[in-house]
Amino acid sequence: MDLTILYRGPLASCDYDCPYCPFAKRRDSREQLRADRAALERFTAWVAAQTGDRISVLFTPWGEGLVRSWYRGAIVELAGLPHVRRVAIQTNLSGRTRWLAEAPEPARERIALWCTYHPGQTPYERFLGRCAELRELGVRHSVGVVGFDAHLGEARRLRAALPEEVYLWVNAAEGHTYTDEEAERWTAIDPLFPYSRHPHRSAGLPCRTGESVISVDGEGMVRRCHFVRAELGNLYDGSYRRALGPRACPLAVCDCHIGYVHLETLPLYDVFAGGVLERVPAALPLSPVAATRSRDD
């Protein structure tokens with residue numbers, strides 16, 4: 001089996017407090033942190049035992065995972081397994097990056113980071129420096145921002161400072177409607193922004209989730225994705241395998257990149273070939289053809 005897993009354990013604490021963040025934030029107690037660590041260790045052990053499969057993992061924690069030692073350790077461990085193709089994580093890049101040097105070079109090539117810059121939460125120069133450290137270490141990564149008007153200047157500044165080969169994505173702000181003029185400004189930074197500008201119609205359309213892509217929580221419950229609550233079974237008793245197969249999306253729309261990237265009606269597996277999990281396009285500089293696409297097509 002060739003399986004992509006989006007893992008989200010119970011961790012919810014974060015060292016940032018972004019007012020626009022849709023995630024529920026809390027200060028995790030020691031007991032909650034121990035539970036998150038135990039859940040992650042169980043998941044890592046399960047992946048290690050699946051030597052007959054080819055597995056890719058994207059960690060999508062509610063909080064910030066890389067400030068916790070067990071997430072850093074899990075990434076290094078999983079990247080060292082020959083049957084793991086890629087291990088990636090969404091991160092605000094607030095923590096140090098030198099721990100990545102602990103991974104042997106062949107394993108480091110399988111590690112990737114999806115990095116979000118949050119203006120007002122971290123100094124610009126510090127974030128830019130962390131990006132430079134990732135390049136020095138040879139770690140694949142993308143960088144992005146949320147498309148608020150107040151962030152436009154910082155986004156332009158970041159795009160100008162990053163090497164051309166580093167993709168800078170822009171997420172449409174949740175609940176925000178963009179005029180054509182506003183969208184053009186963001187598309188000048190991220191030619192793929194039109195895919196994020198409007199929610200995608202998805203009801204009844206084929207999607208890879210539930211077939212080759214699954215979502216797993218800290219208890220091992222398997223769902224097709226983070227946004228469809230119906231359970232397919234449990235990872236640890238193997239019951240989920242019987243439920244895997246082609247299926248249409250039951251939701252009216254899909255408005256999150258980690259969801260709609262898997263829609264078979266969109267060309268994003270070709271756009272991000274080899275970098276779907278970490279949001280790294282196959283070719284840079286990006287073609288402006290994406291700017292003419294409607295996400296309702």
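How many bridges join strand S4 to strand S5? Keep that in mind as you start clicking around this model, which is a predicted one.

**Stop 1: the sheet**

Select residues 111–116, which make up strand S4, and residues 140–146, which make up strand S5. The two run parallel, and five bridges join them. For one spot to zoom in on, pick Thr116: standing opposite, in S5, is Gly144.

Now widen the view to the whole sheet. Nine strands form it, and if you walk across you'll meet them in the order S6-S5-S4-S3-S2-S1-S9-S10-S11. The sheet is open, and its pairing is mixed.

Why is one side of S6 and of S11 left without a neighbour in the sheet? Colour strand S6 (168–171) and strand S11 (228–234) to see: they stand at the edges, and each has a single partner strand, so one side of each has no neighbour in the sheet. While you're here, look along the sheet and compare strands side by side. Ignoring direction, neighbours are turned by 25° against each other on average.

Next, add helix H2, residues 69–79. This helix packs on the sheet and touches strand S2 (54–59), S3 and S4. Its direction makes about 160° with that of S3.

**Stop 2: two helices**

Select helix H4 (residues 124–137) together with helix H5 (residues 152–161). They pack at an angle of about 35°, and their axes are 12 Å apart. The crossing of H4 past H5 is right-handed.

Which residues make the contact? Show side chains for Tyr124, Glu125, Phe127 and Leu128 on H4, then for Glu154, Arg157, Leu158 and Ala161 on H5. Sorted by class, this contact has five nonpolar and three charged residues, with no polar ones.

**Stop 3: a pocket**

On to some empty space. The second largest pocket has a volume of about 340 Å³. To find it, select Thr4, Ser56, Arg85, Val276 and Leu277, which lie nearest its centre among the 16 lining residues. Strand S1 (2–8) and strand S3 (84–91) each supply at least two residues of this lining. S1 gives the largest share, three residues. The lining of this pocket is a mixture: six nonpolar, six polar and four charged residues.

**Stop 4: the cavities**

How many cavities of 30 Å³ or more does the structure hold? There are five, and we'll visit two of them.

Begin with the largest cavity, at about 90 Å³. Among the residues lining it are Cys207, Cys225, Cys249 and Cys254, as well as Arg224 and Tyr260. Strand S10 (221–225) and helix H8 (257–260) each supply at least two residues of the lining. By class, the lining of the largest cavity has eight nonpolar residues, three polar and one charged.

Then move to the second largest cavity, with a volume of about 60 Å³. Its lining includes Tyr167, Asp190, Phe193, His257, Tyr260 and Arg279. Did you spot Tyr260 in both lists? Click on it: Tyr260 lines the largest cavity and also the second largest one.

Which elements give two or more residues to the lining of the second largest cavity? They are helix H7 (193–197) and H8. H7 gives the most, with three residues. This lining divides into eight nonpolar, two polar and two charged residues.

Note on methods:
Residues numbered from 1 in each chain as written. Predicted model: local features only at pLDDT ≥ 70, side-chain atom pairs only at ≥ 80, totals over all residues. Heavy atoms only, no water. Axes fitted to C-alpha atoms, helices over the stretch in contact; angles between N-to-C directions. Helix = DSSP H or I, 4+ residues; strand = E, 2+ residues; numbered from the N terminus. Left-handed = near helix turned anticlockwise from the far one by under 90°. Contact = heavy atoms within 4.5 Å. Nonpolar A, V, L, I, M, F, W, Y, C, P; charged D, E, K, R; others polar. 1 Å grid on protein atoms, 1.4 Å probe; cavity = no way out; pocket = protein on both sides within 12 Å on 5 of 7 lines; lining within 4 Å. Points joined across faces, edges and corners; volume = space filled by probe spheres on them. Pairing = 2+ DSSP bridges.
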